[in-house]
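Q: I would like to learn how to read a structure of this kind, from single residues up to sheets and the whole chain. Could we work through one?

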Amino acid sequence: MALPSSDLGDGTYRNPVLDADWSDPDLLRVGDDYYLTASSFGRVPGLPLLHSRDLVNWTLVGHALQLLEPAKEFRRPRHDCGVWAPSLRHHDDRFWIFWGDPDQGIFQVNAPEIRGPWTRPHLVKQGKGLIDACPLWDDESGEAYLVHAWAKSRSGVKNRLTGHRMRPDGTGLLDEGKVIVDADRLPGWFTLEGPKLYRHDGWFWIFAPAGGVETGWQGAFRSRDFFGPYEERVVLEQGGTEVNGPHQGGWVRTQHGEDWFVHFQQRGPYGRVVHLQPMRWGPGGTSRSSEAETGGGWPVLGDEGAPVAVHKKPDLPPQPPSAPATDDDFPGGRFGRQWQWTANPQDGWATQHSADGLRLTCVRTVDAHDLRKLPNVLTQRLPGIAATVEVELSLNSEDLGARAGLAVLGDAFSWIGLQRGEGGSVQLVHRFAESGAEREREGAHPVEAPGGRARLWIEIGAGARCRFFYDVGAGRQPSGQVFAATPWRWVGALLGLFALAPVGGGHAGAASFTQFRITATP
């Protein structure tokens, strides 16, 4: 099961079409099918792959990246690192994804089908601060190009786009690169990044956001030559709407000739949710350059450059309502595609068996006091709507201090679960840590849990304010104070399942989770 679709059932849809942290989206069409990918940062598997036939109803069909590389760099959580702003393309009967790792360089993977098999990551350009890479294979000239942005935190520069000629097979670059857009020369422009490169109507087009994640705008740049000079327009901004910073995404044309644009909106603890905007070509947009050429042919997004909240659906065959899956019965101990580890996984963290239920090994660690440091937390995205999360937990470990639970994980975290105590008893415990705190502390007084079992709930309310509940046999009970979910710098808060044990010798047992559910709150 999944949370409600954004399809209103009357020929219209509401934004966001993906109401969770599908950050920095890009999409394309192949035949009658639409595919979307997004940033996955330090979570594994990475590069999620979503499918739709109408741009409104989406399902998660897989991931293109099974391990982050270099693998040794991601043995421990690096929550804001890894895969930044991928670009999804189809060329030479293959799917291609390019992305920038701000600490390593620009990578690509490719596959004959969207479900794979995908190649291992190939390093196209090594260097610090190289981000938001996008290729273009130009059918008109036969040339291949690549554009990328810069992360000042690693390179010392930002607000510029660098262009390269690229080998047609995508394995490397043919020159040292040239700055093709320097936004320091454009009055009022700052933090230009996230470029998406296209060829249209005899022009090279770069769709690129600027102005920062929370309050920025969407720009469009065009030139007759890839290396410039480029003129620019602002083609989407908040205007009088409630959609802050509507920018960074991709353009797609349907099989019937309609144009659409997807982008994100930063929503604090929920991360970057995805909106769908109608798009047309005309004289619209706002020039912020005194040297800009005159004439039509510019993209106009949304409602004359402002985001739409509700709109007529694309002219495509009707589809049943759908959204990425959230619920899981863990058949045979296997978890669904919606789950990701917080670092590269190791064998044995989750074991398969003949019944339903997720069986997580109590991994021994010196970091039992801080979930943010654990690579073996199994996570999925926090829903962007009011919802109730629930799961059944049993702890099957005799080790003193072994524990398992359900967490809301971010720069601050809170969890509720079970822990093996003195004398062999099992207790229901609730702990949390504030942002910047070095270790967790009690969120409520422990309660005996007969049989080592508990039903756990988290009610997520407005502003991602979370309340915790449990049942250890005497009915549902509240636990602790309200907890406000907190994102990392670039990543929204996550829901997580975990099992751990203090440092020691031998196998520490396991925990079982069954009937995981997320239900929208009316």
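A: We can start with a single residue. The model is predicted, and Arg364 is found in strand 26, which covers residues 363-364.

Q: Is Arg364 buried, partly exposed or exposed?
A: Burial is read from the relative accessible area, with buried meaning under 20% and exposed over 50%. Arg364 has a relative accessible area of 23%, so it is partly exposed.

Q: Which residues are in contact with Arg364, apart from its neighbours within four places in sequence?
A: Contact is a matter of heavy-atom distance, with a cut-off of 4.5 Å. Arg364 touches Asp399 and the run Ala501, Pro502, Val503, Gly504, Gly505, Gly506, His507 and Ala508.

Q: What polar contact does the side chain of Arg364 make with another side chain?
A: Its partner is the side chain of Asp399, at 2.5 Å. In addition, a polar atom of the Arg364 side chain lies 2.9 Å from the backbone oxygen of Gly506.

Q: How many Å separate the C-alpha atoms of Arg364 and Arg199?
A: The separation is 53 Å, for two residues that are 165 residues apart along the chain. A second pair can be read in the same manner: Gly451 and Pro25 are 426 residues apart in sequence, and their C-alpha atoms are 45 Å apart in space.

Q: Where is Gly451, and is Gly451 buried or exposed?
A: Gly451 sits in the loop between strand 32 and strand 33. With a relative accessible area of 75%, Gly451 is exposed.

Q: What is the relative accessible area of Glu440, and where does Glu440 sit?
A: Glu440 is also a loop residue, placed between strand 31 (426-433) and strand 32 (441-448). Its relative accessible area is 11%, so Glu440 is buried.

Q: Which residues surround Glu440, leaving aside neighbours within four places in sequence?
A: Glu440 is in contact with Ala368, His369, Arg403, Phe413, Trp415, Arg431, Phe432 and Ala433. One of these, Trp415, joins its side chain to that of Glu440 in a polar contact of 2.9 Å.

Q: How should I read the pairing of strand 33 and strand 34?
A: Strands of a sheet pair through backbone hydrogen bonds, and the pairing can be parallel or antiparallel. Here strand 33 (residues 453-460) and strand 34 (residues 465-471) are antiparallel and share six bridges. Within that pairing, Glu459 stands opposite Arg467 of strand 34.

Q: Which residue in the hairpin of strand 33 and strand 34 takes a positive phi?
A: The backbone angle phi can be looked up residue by residue. In this hairpin, with four residues between the strands, Gly463 has a positive phi near 70°.

Q: How many bridges join strand 34 to strand 35?
A: Five bridges join them, and strand 35 (residues 477-484) runs antiparallel to strand 34. Cys466 has Phe483 of strand 35 as its bridge partner. These two strands also form a hairpin, with five residues between them, and Gly473 in the turn has a positive phi of about 125°.

Q: What is the strand order in the open sheet that contains strand 2?
A: A sheet is read by its strand order, its edges and its twist. This open sheet of four strands has the order 2-3-4-5 with antiparallel pairing. Its edges are strand 2 (26-30) and strand 5 (59-65), each of which pairs on one side only. Neighbouring strands of the sheet are turned by 25° against each other on average, direction ignored. Strand 2 pairs with strand 3 (residues 33-37) over five bridges, and Arg29 stands opposite Tyr34 in strand 3.

Q: Which strands are the edges of the open sheet with the order 10-11-12-13?
A: This antiparallel sheet has four strands, and its edge strands are strand 10 (130-137) and strand 13 (178-182). The twist averages 25° from one strand to the next. Strand 12 (residues 160-166) and strand 13 run antiparallel and are joined by four bridges; Gly163 has Lys178 in strand 13 as its bridge partner.

Q: How many helices and strands does the chain have?
A: The secondary structure comes to one helix and 37 strands. The radius of gyration is 24 Å, close to the 24 Å from the globule rule for 522 residues, so the chain is as compact as a globular protein of that length. Buried residues make up 61% of the 522 residues.

Methods: Residues numbered from 1 in each chain as written. Predicted model: local features only at pLDDT ≥ 70, side-chain atom pairs only at ≥ 80, totals over all residues. Heavy atoms only, no water. Buried < 20%, exposed > 50% of the residue type's maximum accessible area, 1.4 Å probe, protein only. Polar contact = N/O pair within 3.5 Å; in protein donor to acceptor, adjacent residues only side chain to side chain. Pairing = 2+ DSSP bridges. Axes fitted to C-alpha atoms, helices over the stretch in contact; angles between N-to-C directions. Rg over C-alpha atoms; globule rule 2.2 N^0.38 Å.
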